[in-house]
Amino acid sequence: MTTAHANATATATATAAALRALHHGPGLPLVLPGPWDAASAQVFADAGFSALATPSAGIAASLGYEDGKTPADEMFAAVARIVRAVDLPVSADVEAGYGLSAKELVGRLADAGAVGCNLEDTGHATGSLRDPQEQADWLAEVRAEAGDALVINARIDTYLHGAQDTEETVRRGRLYAAAGADCVYPILAPPPLLAELAAGIGIPLNAVVTPDGPSPRELGTLGAARITFGPGLQQRAMAALAGMAEQLREELGAEL
């Protein structure tokens with residue numbers, strides 16, 4: 001290992017440790033805005049947030065792709081631009097890992113400068129939930145490759161697939177925690193169940209803010225230690241831009 005590589009690894013490990021610590025307080029819940037490009041990342045950094053978490057769907061929209069259709073090279077390039085734009089820890093939503101080996105995935109994340117990642121348990125080839133033990137084994141491989149230099153947020157897609165089964169969600173969460181996940185993300189879990197899920201799984205729990213759901217502070221009170229927004233902030237920004245465009249069109253009238 002060269003001196004430069006050793007220094008980069010040490011820096012990543014220290015930054016990941018700082019991000020990991022934020023999941024345990026004292027200022028819980030940890031609220032992680034979701035930038036979709038360098039400019040939005042700078043806005044959130046200037047607002048004083050302590051870390052950021054990129055949304056795959058928000059980045060996909062900004063690049064002109066459907067959610068889940070962004071080529072891996074373009075996703076990692078977008079994450080790298082966001083990381084370069086701010087002096088904050090950045091976690092990257094890398095979906096199900098793009099079919100990369102654990103070594104390749106960890107290397108791509110390191111090259112992009114991300115010190116955290118989301119990994120979901122929906123198999124993109126099948127569109128269905130992966131076997132939980134297979135997913136846990138995969139997460140363990142990622143952990144072994146990354147060491148302490150990556151904060152792993154293991155997404156659990158039971159509720160996304162319509163399975164209203166708390167027992168299965170907890171079972172998956174425990175397997176993923178044992179495999180080395182730092183946080184679990186039962187996406188779209190009913191907010192009243194967050195405390196039960198967090199207690200049953202035993203590591204910090206991520207909840208997503210939805211348009212008609214509880215606020216970040218309320219989700220924290222209900223049991224979430226980490227709050228993200230999915231593509232919600234990018235969608236709100238685009239809605240604001242659409243309003244500006246409509247106002248401009250009305251002002252121009254027949255001149256348009």
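**View 1. A nonpolar patch on the surface of a predicted model.** This close-up comes from a predicted model. Met238, Leu241 and Met244 make a nonpolar surface patch. The patch covers about 300 Å². One of its members, Met244, sits in helix 10. That helix spans residues 232-252. Is Met244 buried or exposed? Met244 counts as exposed because its relative accessibility is 54%, and the cut-off for exposed is over 50%.

**View 2. Trp36 and Phe44, an aromatic pair.** A pair of aromatic rings is described by two values, the distance of the centres and the angle of the planes. How many aromatic pairs does a search of the whole structure find? The search finds 3. One of them joins Trp36 and Phe44. Their ring centres are 6.5 Å apart. Their planes stand at 80 degrees, so the pair is edge-to-face. Trp36 and Phe44 are both buried. For Phe44 the relative accessibility is 14%, so Phe44 counts as buried; the cut-off is under 20%.

**View 3. Phe49 joins the aromatic cluster.** Phe44 also pairs with Phe49. Here the centre-to-centre distance is 6.4 Å. The angle between the planes is 85 degrees, and this pair is edge-to-face. How much relative accessible area does Phe49 have? The value is 31%, so Phe49 is partly exposed. Trp36, Phe44 and Phe49 form one aromatic cluster.

**View 4. Cis peptide bonds before Pro26 and Pro29.** Look at the loop between helix 1 and strand 1. Helix 1 covers 3-22, and strand 1 covers 30-31. Pro26 is found in this loop. The peptide bond from Gly25 to Pro26 is cis. Its omega is near 10 degrees. Pro29 lies in the loop between helix 1 and strand 1 as well. Which residue does a cis peptide bond join to Pro29? The partner is Leu28. Omega for the bond between Leu28 and Pro29 is about 0 degrees.

**View 5. Strand 1 in an open sheet.** The sheet is open and has 3 strands. Their order is 1-10-9, and the pairing is parallel. Which strands lie at the edges? Strand 1 and strand 9 do, and each pairs on one side only. Strand 9 runs through 206-208. Strand 10 consists of residues 226-228. Strand 1 and strand 10 are joined by 2 bridges and run parallel. Leu30 has Arg226 of strand 10 as its bridge partner.

**View 6. Tyr98, with a positive phi.** Tyr98 is a residue other than glycine, yet its phi is positive, near 60 degrees. Where is Tyr98 found? Tyr98 is in the loop between strand 3 and helix 5. Strand 3 covers 90-93, and helix 5 covers 102-112. Tyr98 is partly exposed because its relative accessible area is 23%.

**View 7. Leu188, with a positive phi.** Leu188 has a phi near 65 degrees. The value is positive, in a residue other than glycine. Leu188 belongs to the loop between strand 8 and helix 8. Strand 8 covers 183-186, and helix 8 covers 194-201. Why does Leu188 count as partly exposed? Its relative accessibility is 45%, and partly exposed residues fall between the cut-offs of 20% and 50%.

How values were computed: Residues numbered from 1 in each chain as written. Predicted model: local features only at pLDDT ≥ 70, side-chain atom pairs only at ≥ 80, totals over all residues. Heavy atoms only, no water. Patch = residues over 30% accessible without salt bridge, like charges linked within 9 Å, V, L, I, M, F, W, Y side chains within 5 Å. Areas by Shrake-Rupley, 256 points an atom, 1.4 Å probe, with all protein chains shown as cover. Salt bridge = Lys/Arg side-chain N within 4 Å of Asp/Glu carboxyl O. Helix = DSSP H or I, 4+ residues; strand = E, 2+ residues; numbered from the N terminus. Buried < 20%, exposed > 50% of the residue type's maximum accessible area, 1.4 Å probe, protein only. Phe/Tyr/Trp six-rings, centres within 6.5 Å; stacked < 30°, edge-to-face > 60°. Pairing = 2+ DSSP bridges.
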